[in-house]
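Student: I would like to work through this model by asking what justifies each label that is put on it. Could we take the terms one at a time?

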Amino acid sequence: MIVTVLICFTFIRYCSTVERHYYIAIAEEDWDYAPGGNLIYTGNPKDTDLYLKLDPSVPTPGTKYKKSLLRRYTDITFTERVEAPKWQGMIGPFIKAEVGDTLIVYFQNQSPFSYTIHPHGVFYNKDSEGALYADGTSGKDKLDDHVQPGDNHTYIWSVRPEYEPKENDPNCITYIYHSHQLAQIQIMTGAIGMMAICKKGILDAEGNRKDVDKDFALLFAIFDENFSQYRKENIEAAGITEEAVQRNFFSFHEGNQKHSINGYIYGNLPGLDVCLNDKISLHLAVIGNDFDLHTVYLQGQTMEIYRHTTDTVGLYPGYSLTASIDVENEGKWLLSSQGRDSIKAGMQAFFNVKTCDNKKKIQKKRFHHHPKGKTRTYYIAAEEVMWDYAPSGVDQETGIPLSQRAPYSFGSSSDLCILNGKYKKAIYKGYSDPKFKIPLKRPKSDEHLGFLGQSSRLKLETRSNSQQQGTQFKSGPEVAVYPNEKREYTWTVPYTVGPAKADADCLFGRYYSAIDEVKDTFTGLNGPLLVCKKGTLKKTFKKINKQFYLLLSNIQETESHYWSENVERACGNNFNPSELADNFTYTDANTMRSINGYTYGNLPGLRMMEKQNTDWYISSTGYSKGDLHTPYFHGNTFDVDGTRKDTFALVPDVFKTLHMCPDNPGTWLIEDMVQVYSNGKGLSALYTVDKNFKSKNKPTERKGKIRKYCIGVIEEVWDYFPNVVYDAINGERLDEDHIASQYYNQGDTTIGHFYKKAMYREFTDETFTVQKERTKRDVHLGTMGPFIKAEVGDTIRVVFKNLATFNFSMQPHGVFYDKANEGQKYNDGTLKDHKGDSVGPGGTHVYEWSVPTRAGPSYDDFSCIFWPYMSGVNEDGDMQAGLLGLMVICRTGILDKNGVYNLRTDVNREFALFYNINNENLSPYLDENIRLFTNKPEETLKLKTSPVWIETNQMMAINGFSYNSMPNVDLYLGEKAAFYLISLGDIFETHTVHWHGNTFVRRLSGLHTHDVIDVLPGDFTQVELIGVNPGIWLTHCHIGNHSQNGMFMMYRVLDPDVSLRE
């Protein structure tokens, strides 16, 4: 790298700018994902064959592929490569800069395809954006968007103060850069790298960090070679014919998906070598498609991320972050993605820690290797039990017998093998003596633990002796504990693994068996683990009156060690267990969607008193996509990471502490907002808040305004593609593009882009005769309902009228309501039906919701937070029909007292963005839409179960606008805009929203800078963006197939002379 320092003097101040020069070319390269074969996985060898073995007859594709990769050179001649660190692997050079620097990247295309370089997190003009789309520019401003084979382009990026890491950020923020002409295909081909943007004074002249001993850039990605530009060439080179591919399409397709870290699988990533007591930074990123949800886990060490202590972190496509580590544990440790599918596919590496001579003095000063605290001894056995997932035989949420609710799981049949929710399992049990003779009696307070093991509570500076399984990896030490054997494990709890300043008093984790992580997990071997600040263990349990541990998981009993035995027990020898496990119907029927091993609301013991301080320790385990869960607590809110919520999204092995002070007596539902697992699928529970007669029923708040809204449900034909004819990214006509046309074109058996929908709309008064016309500020809301706004202390009164042909309701999140105003019916113990739970066609209902402090911003939130409102009659179908709106709740004094629109006074603009794959197949209007918009409706009705036809009705959109058809997302240069982001639906509704051209700030234990934010199903979050870079800029979901299928829009940052005023 060449560094140039420019110095200037003015009458006002002294300034200096450092230019950092990078010479980067993209060139063809033969790549091997596993040059050493399987170095790590100890499970079934058949699992690895799919990804490692080259066998043209099956076919399985092997590990060798041609790719186009980004490589660094010494100078503009591009003749001599800079030697890359071994850990860099497939990804491009690690680019670094600090605030005030200018990055000059000289790019040469040595490949046979056109490419670009698009950066995240820096300031650029249009001639250096490196992204092809219709942004209103032409000529030289488009040369950066498609650099042809053999051509060069110079990209100039600057790190302006507006883009710098905030005070609560790490010293260097992690971003990615990648080609952005055909982004999804080019990234899968290999055109991606990582960069770090640092605070002033962190880097030396050579670009090395001065504040750490080492830093590593690690990209977790499922490189899908099925989408590579070299797909055909790679198939031919492997000796595989297209006929063989079509004969075994699904396994070949799966084998081409390489679950890699920097392009290596099964422990082949080299160079992750550090010294004991090193300070290091891990720059972590994920890229890819729907299935690239990864929980990064570093065994044996702890990380600090966003001022929190952890050893796991969830990451999603396009998102990146920095983890800080004080290396404290010598040995060979696993770095992995914890989804059980990724473990099978080899997304693991070795992290090697050794003692170095220059670190020995530091080591002697460390005191945590010899803790002075207590030794806490636990006696834990793994025992076989017969487990019943639903002992009542009833869906406790609805009161319907499970033989009717889920007949394939709980029914009876002479033709099918039905296990009725009863399985042999192995679970952890606590004992009081070292001979394992006297089992510990589980107290009433732990009744809710279900099949979880004994809760282990550790305090900083203690040792813990425990009988528990260790982690086994290939060529590693023997850690298995065989039947009827014992083993002692000693765990120390130094200060460095304990809660950070921004953490709760106790961190939540789990202990589990890891000999075969997939089978052991689904067999049942899991237990909760608490690590608490020194001196707070007793104080915490005095301060926190109730503690509940919730493990949400889709337990695949077909993956259990006992699957064959369970089939034989229930069904004799009439069924082949292996054949059943390969049958989707049986796999689904024997997947128990459970909380702590209980399904369909059967989890006992979730009971507390009103105003009783309660901590919920929540986590998930299982497959990375299949065990994405978002628990929603009806009736009350909680605080987490300084923010206020009533839902929290989990991926496997992410652990969170939710603090609740319930103020709303009653029996309330906990349901999974990932709708494929709730709404009659089993993943739910009920919790009860008993009345505290020493406390008033409603929260004591000052009297504020009564804010009245007249909102009706209307039916309207909606156009997902208004006023657009071309794809703004690739320039193709929508009716001719091979992807867009399947959603756009109306035909004999395709509906096209017009659908009848139900939507919330505001009316001028209770007569519901005149609908309020939307202003320019609100027209972007599209299918969404009107903003409802209030301040803490107010009361929201909604006069609701159903002008549609199906029963609907209004169910609010976050605010205080009684059972008559909840808007959703379930088995909550009330003796009568409430009209507001389901309002029939032509009916009206007045909902009244109060806004106590716990419904407004928490101490680390922005001045306003938002909650969704939706229909709770048929949650899935109602939402897909179009029924969703947002409530914005602000601190006192934030809303304009004199205006008619209740605008926020702390920001200039407000935008709500609902990222959704609108699944019209689930809408109650589907049959009517078929009859209205297809040429052959009777023939089309027969196609409703066809996967190809179903896909044509899944409209990827933002607020119901697809392919850049959303209007009026504009702000002036220098204005601050609040963006309210929400996603709802199934497991494929994970979205990572990326703004080109500008960065934003988010709040998570302080302010943080980024340009990508994750929004998971059932989750909602807010960012604030100041327009500092004028132009027309792309905003899109960074999950490749979502953006490619239309989930993108443009926003404009305008000069002040352009009028936006009402």
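Student: Which residues do ring pairs link into a cluster?

Tutor: This is a predicted model, and in it W387, Y389, Y423, F451 and Y598 are joined into a cluster by ring pairs.

Student: How many aromatic pairs does the structure hold?

Tutor: The structure holds 53 aromatic pairs. One of them is formed by Y41 and Y266, with 6.4 Å from centre to centre and 65° between the planes.

Student: Why is the pair of Y41 and Y266 called edge-to-face?

Tutor: A pair requires ring centres within 6.5 Å, and edge-to-face requires planes over 60 degrees apart; because the centres of Y41 and Y266 lie 6.4 Å apart and their planes make 65°, both conditions are met.

Student: What parts of the chain does this pair link?

Tutor: Y41 lies in the loop between β2 (14-32) and α1 (45-52), while Y266 lies in the loop between β14 (257-261) and β15 (273-275), so that the pair links distant parts of the chain, 225 residues apart. Both Y41 and Y266 are buried.

Student: What makes F787 and Y980 an edge-to-face pair?

Tutor: Their ring centres are 6.0 Å apart, within the 6.5 Å cut-off, and their planes are 80° apart, over the 60 degrees required, and therefore the pair counts as edge-to-face. This pair, too, links distant parts of the chain: F787 is in the loop between β44 (754-763) and β45 (788-791), and Y980 is in strand β54 (residues 976-983), 193 residues apart.

Student: Are F787 and Y980 buried or exposed, and how do you know?

Tutor: Buried means under 20% relative accessible area; F787 has 12% relative accessibility and therefore counts as buried, and Y980, at 0%, counts as buried as well.

Student: Why is the charged end of K332 said to sit over the ring of F350?

Tutor: The charged end of K332 is 4.2 Å from the ring centre of F350, and the distance limit for such a contact is 6 Å, with a further limit of 35 degrees from the ring normal. R510 likewise lies over the face of Y512, at 4.1 Å from the ring centre.

Student: How do you know that the protein chain is as compact as a globular protein of its length?

Tutor: The chain contains 20 helices and 61 strands. Its radius of gyration is 29 Å, and the globule rule gives 31 Å for 1062 residues; the two values are close, so the chain is as compact as a globular protein of that length. Buried residues make up 64% of the 1062 residues.

Notes. Residues are numbered from 1 along each chain as its sequence is written. This is a predicted model: local features need pLDDT of at least 70, side-chain atom pairs count only at pLDDT 80 or more; totals for chains, interfaces and linings use all residues. Side-chain values use heavy atoms; hydrogens and water are left out. Rings of Phe, Tyr and Trp (its six-membered ring) pair if their centres lie within 6.5 Å; planes under 30 degrees apart count as stacked, over 60 as edge-to-face and the rest as tilted. Helices (H or I, at least four residues) and strands (E, at least two) are DSSP runs, numbered from the N terminus. Buried means under 20% relative accessible area, exposed over 50%, partly exposed in between (1.4 Å probe, protein chains only). The radius of gyration is taken over C-alpha atoms; the globule rule is 2.2 Å times the number of residues to the power 0.38.
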